[in-house]
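Colleague: I am new to this structure and would like a close look at a single part of it. Could you take me through how two domains of one chain meet?

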Amino acid sequence: MKKFKLYYDKDLEQDWLQKMSQDGWAFKNFFLGVYTFVPCQPGEYIYQIDLLDDKNKSIQSFTAFMEDIGVEVVAQWYRWVYLRKKADDGPFEMYTDIESKINQYNRIKNFFLSFLFIESICFIVEFSAAIRTENPTLWLFTALIGLICLAFLRIVWKCSFKIEQLKREK
Amino acid sequence: MCYNSPLTEALFYILLAVRKPNHGYGIIQEVSDITNGRLVLGPGTLYGAINSLLSKKWITLYSEDKSSRKKKEYLITTDGKDVFYKEVDRLRELIENAKLMEDLV
């Protein structure tokens, strides 16, 4: 089964993959918003989504490490990785202490900050072009990019909020 | 090497688990065993910690057998041991000072 969805919040995406697994659909592959699922036992797998370190570009070493400890790297999309483990093998959570949870949210925050920066420049360019030419297509693009900017801003804000929350727990 | 802040619990136990050559799964297993299942290291937490310990040279890659796809093993270095014992001294001081609480009663 294939499903098309656009997620930019990995927590919501993870919850969705988890729900699909509960319903007997195991996530298998991701490409440009298309999620491929194959039938599985209801609740057979626990899914986790992670963002790899910018410096640590070698996905091979990450995958080898995870496989050595019994975690399957199901799919990869740029720096994003989808991991899973059989639910029978016990609980599965990628990050178990506050420091590493903060690190993860920091990585995600910086990832979206750099895209927010690029998108903001695009927005300004499109916006000024739209004003100049009064072309409706350009206005449409401006609105679209504006929406993307807002979505990224929301994620950056959410990550900052989570980091602050975790720091208070320390 | 200069390290004055307390080690996190994860780093402390990872250093302990690589006093002899040990691989990722072995580290998770041993830490869980000696803490009676209280501390189960998440794969991402362990991966990040190992990379940070490697870059600080507190642990080193002990073996990597590419032909048989044997798991990577890690081993503590002299620097790592220094940091570990410094932390143990700090913890001893805590335990020692904790006795003051009992003296009061």
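**Where two domains meet**

Modeller: Happy to! Between domain 1 of chain A and domain 2 of chain A, the count is four salt bridges. Please keep in mind that this is a predicted model. One salt bridge to look for in chain A joins A:Arg107 to A:Asp50, with 3.4 Å between the closest N and O atoms. To place these residues, turn to the domain assignment of chain A, which gives residues 2-89 as domain 1 and residues 98-169 as domain 2. A:Asp50 therefore belongs to domain 1 and A:Arg107 to domain 2, going by bounds that come from an automatic or database domain assignment.

Now step back to the two domains as wholes. Their C-alpha centres, for domain 1 of chain A and domain 2 of chain A, lie 24 Å apart. Where the domains meet, 12 residues of domain 1 of chain A are in contact with 11 residues of domain 2 of chain A. The size of an interface is often given as the accessible area lost when the parts come together. For domain 1 and domain 2 of chain A, the buried area is about 1100 Å², and carbon and sulfur atoms give 56% of it.

If you would like a second stop, go to chain B, where the axes of helix H1 (residues 9-17) and helix H2 (residues 24-34) come within 9 Å and cross at roughly 110 degrees. That crossing makes H1(B) roughly perpendicular to H2(B). On H1(B), the contact is made by B:Tyr13, B:Ile14, B:Leu16 and B:Ala17, and on H2(B) by B:Ile27, B:Glu30, B:Val31 and B:Ile34. The residues of this contact divide into seven nonpolar, no polar and one charged.

Note on methods. Residues are numbered from 1 along each chain as its sequence is written. Chains are lettered from A and ligands numbered from 1 in the order in which they are written. This is a predicted model: local features need pLDDT of at least 70, side-chain atom pairs count only at pLDDT 80 or more; totals for chains, interfaces and linings use all residues. Side-chain values use heavy atoms; hydrogens and water are left out. Axes are lines fitted to C-alpha atoms, for helices over the stretch in contact, and angles run from 0 to 180 degrees between N-to-C directions. Helices (H or I, at least four residues) and strands (E, at least two) are DSSP runs, numbered from the N terminus. Angles under 35 degrees count as roughly parallel, over 145 as roughly antiparallel, 65 to 115 as roughly perpendicular and the rest as oblique. Contact means heavy atoms within 4.5 Å. Ala, Val, Leu, Ile, Met, Phe, Trp, Tyr, Cys and Pro count as nonpolar, Asp, Glu, Lys and Arg as charged, and the others, Gly among them, as polar. Buried area is the accessible area (1.4 Å probe) that two parts lose on being put together, summed over both. A salt bridge is a side-chain nitrogen of Lys or Arg within 4 Å of a carboxyl oxygen of Asp or Glu.
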